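Trainee: I would like to go through this structure term by term. Each time, I will ask what earns the label.

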Amino acid sequence: MSEAMNITLSTQPADARWGEKASFSIGNDGITLHLNGKEDLILIQRAARKIDGQGFKRVRLAGEGWDLEKSWAFWMGYRGPKGERKVEWAELDEASQRELESRLKIIDWVRDTINLPAEDLGPSQLTQRSVDLLNDVGGEQISYRIIRGEDLREQGYTGIHTVGRGSERSSALLTLDYNPTGDENAPVYACLVGKGITFDSGGYSIKPSAFMDSMKSDMGGAALATGALAFAITRGLKRRVKLFLCCADNMISGNAMRLGDIISYRNGKRVEVMNTDAEGRLVLADGLIDACREKPALIVDCATLTGAAKTALGNDYHALLSFDDALVERLMASARAENEAFWRLPLAEMHRSQLPSNFADMSNTGNAACPAGASTAAGFLSHFVEEYQQGWLHIDCSATYRKSAVDLWAAGATGIGVRTLANLLTAE
């Protein structure tokens, strides 16, 4: 095995031969990253991506200055979806070392899970994989149930069943309870609801190939919600939290849902399917109905829900939508504390009525007169949240996945949002 390449930090600029604004230089002792005190974490992440691109697969973080956040910034840029990389970490204090190990375990789990091909990760595999992670960190404080296939229809989970009925792989709903109190009557502080579409063809509103090749990542919301709960547990979460993962394949077959079909939900809402590619909101509706029955102080749903959010924000920010200004500020404060990027998009009462249907209470998508797709999607979800004006956050996970590498990230999943949501759950 080749010897590890030393990576050191310096506050001095690189030698002029490397260029006026060079972020790193290479010498006999290894690679030096040249920090400027302005955006050092971004500089480190960008340099790590370049180091990986140059084929250095074994490195040692050496010398002074490698604290927790700088070490993590390096890993975010250095890590890639294929091939093995080895890092010899700089010495950290005990608390920072535990935190780093938790991030490596859980956020890497999120990235690895999202990157899996759909062939290897169907609805049942996603629910079981999530249970395995949470059992590992939560132990006896975890209980769960999984409802699959025709049992979903029989128990009234019409959205999940309808979306997934075109696939040969059974849909699944995971309901998981993390209860550290030991009291079965303890109140539920928060409910997390995740969209787990393990492959999205678009159904009969089929996607072009250029938009379908990354749709193995359409379960990114479920992975984010699972990872956030797991990470919050490692940070000492003391409050009861329930997780709902709404998992299905959206495929085409003789049994697949059709345009014009009407779905009747347990809360009395009837929805006309006007676009089978707007399926994520149809499965989330079932999870939100269950979440509301727990009467929690906080409901957060996570979903790779709309192309509109990605058009607005690119892959750099998760979109945040809510009627609750105070709760938005809490989430944004958590994001700032964790160095993660979120951006609020508009959500108003008018968006709840921009889903016209001639045959049902509403349709699952707005029309050409209502082009604010991320906002109307959130407006749709609000119809399944009893107290939607308070205590509810919708995260449209536009920063989940990158189809190709950029200067900060390798291709594939990013893991953005896990730390922010865990911070929100554990904040006093």
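Mentor: Helix 1 is a good start: its buried residues are D40, L43, I44, Q45, A47, A48, R49, I51 and D52. Keep in mind that this is a predicted model, where local features need pLDDT of at least 70, side-chain atom pairs count only at pLDDT 80 or more, and totals for chains, interfaces and linings use all residues. Residues are numbered from 1 along each chain as its sequence is written, and side-chain values use heavy atoms, with hydrogens and water left out.

Trainee: What makes a run of residues a helix or a strand here?

Mentor: Both are DSSP runs, numbered from the N terminus: H or I over at least four residues for a helix, E over at least two for a strand. Helix 1 covers residues 40–53, which is 14 residues.

Trainee: How do you know what span to expect of helix 1?

Mentor: The expected span is 1.5 Å times one less than the number of residues. For helix 1 that gives 20 Å, and the distance from first C-alpha to last is close to it, at 20 Å. Just after helix 1, G55 has a positive phi of about 95°.

Trainee: What do the buried residues of helix 1 pack against?

Mentor: They pack against strand 1 (5–10), strand 2 (24–27), strand 3 (30–34), strand 4 (58–61) and helix 2 (68–78). Contact means heavy atoms within 4.5 Å.

Trainee: Why is C302 called buried?

Mentor: Buried means under 20% relative accessible area, exposed over 50%, and partly exposed in between, with a 1.4 Å probe and protein chains only. C302 has 0%, so it is buried. This residue lies in strand 12 (residues 298–303). Its contacts, leaving aside neighbours within four places in sequence, include V193, K195, L224, I395 and L421.

Trainee: And A118, buried or exposed?

Mentor: A118 has a relative accessible area of 15%, so it counts as buried. It sits in the loop between helix 3 and helix 4 (123–138). Beyond four places in sequence, A118 touches R169, T198, F199 and K216.

Trainee: What makes a set of residues a nonpolar core?

Mentor: The members are buried Ala, Val, Leu, Ile, Met, Phe, Trp, Tyr and Cys residues, joined through side-chain atoms within 4.5 Å. The largest such core has 84 residues, and L33, F74 and L229 touch the most other members. Helix 8 (residues 220–234) gives the most to this core, with 10 residues. Another core lies apart from it, with 47 residues, among them V163, M362, A374 and W392. In soluble globular proteins, nonpolar side chains tend to be buried together.

Trainee: Which residues does L33 touch?

Mentor: Not counting residues up to four places away in sequence, L33 touches I7, T8, L9, S10, S23, F24, I44, A47, I51 and W66.

Trainee: Why is the pair R240 and D177 called a salt bridge?

Mentor: The label needs a side-chain nitrogen of Lys or Arg within 4 Å of a carboxyl oxygen of Asp or Glu. R240 and D177 have their closest N and O atoms 2.6 Å apart, and they form a salt bridge. The two are 63 residues apart: R240 is in the loop between helix 8 and strand 9 (241–250), and D177 is in strand 7 (residues 172–178). R240 is buried at 9%. D177 is buried at 11%.

Trainee: How exposed are K86 and E84?

Mentor: K86 has 42%, so it is partly exposed. E84 has 57%, so it is exposed. These two also form a salt bridge, at 3.2 Å between the closest N and O atoms.

Trainee: How far apart are N and O in the bridge of D200 and K207?

Mentor: The distance is 3.6 Å. D200 is buried at 2%, and K207 is buried at 15%.

Trainee: How many salt bridges does the whole structure hold?

Mentor: A search finds 37. E69, E99, R103, R235, E338 and R419 are linked in a network of them.

Trainee: What makes an empty space a cavity?

Mentor: On a 1 Å grid over the protein atoms alone, it is a set of points where a 1.4 Å probe fits but cannot get out. Points are joined across faces, edges and corners, and the volume is the space filled by probe spheres set on them. Two cavities here have 30 Å³ or more. The largest holds about 40 Å³.

Trainee: Which residues line the largest cavity?

Mentor: The lining is V110, I114, G220, L224, H318, T400, T414, G415 and I416; a lining residue has an atom within 4 Å of a point. Helix 3 (94–115) and helix 8 are the elements that give two or more residues to it.

Definitions and conventions. On a 1 Å grid over the protein atoms alone, a cavity is a set of points where a 1.4 Å probe fits but cannot get out, and a pocket is an open set with protein on both sides within 12 Å along at least five of seven lines; lining residues have an atom within 4 Å of a point.
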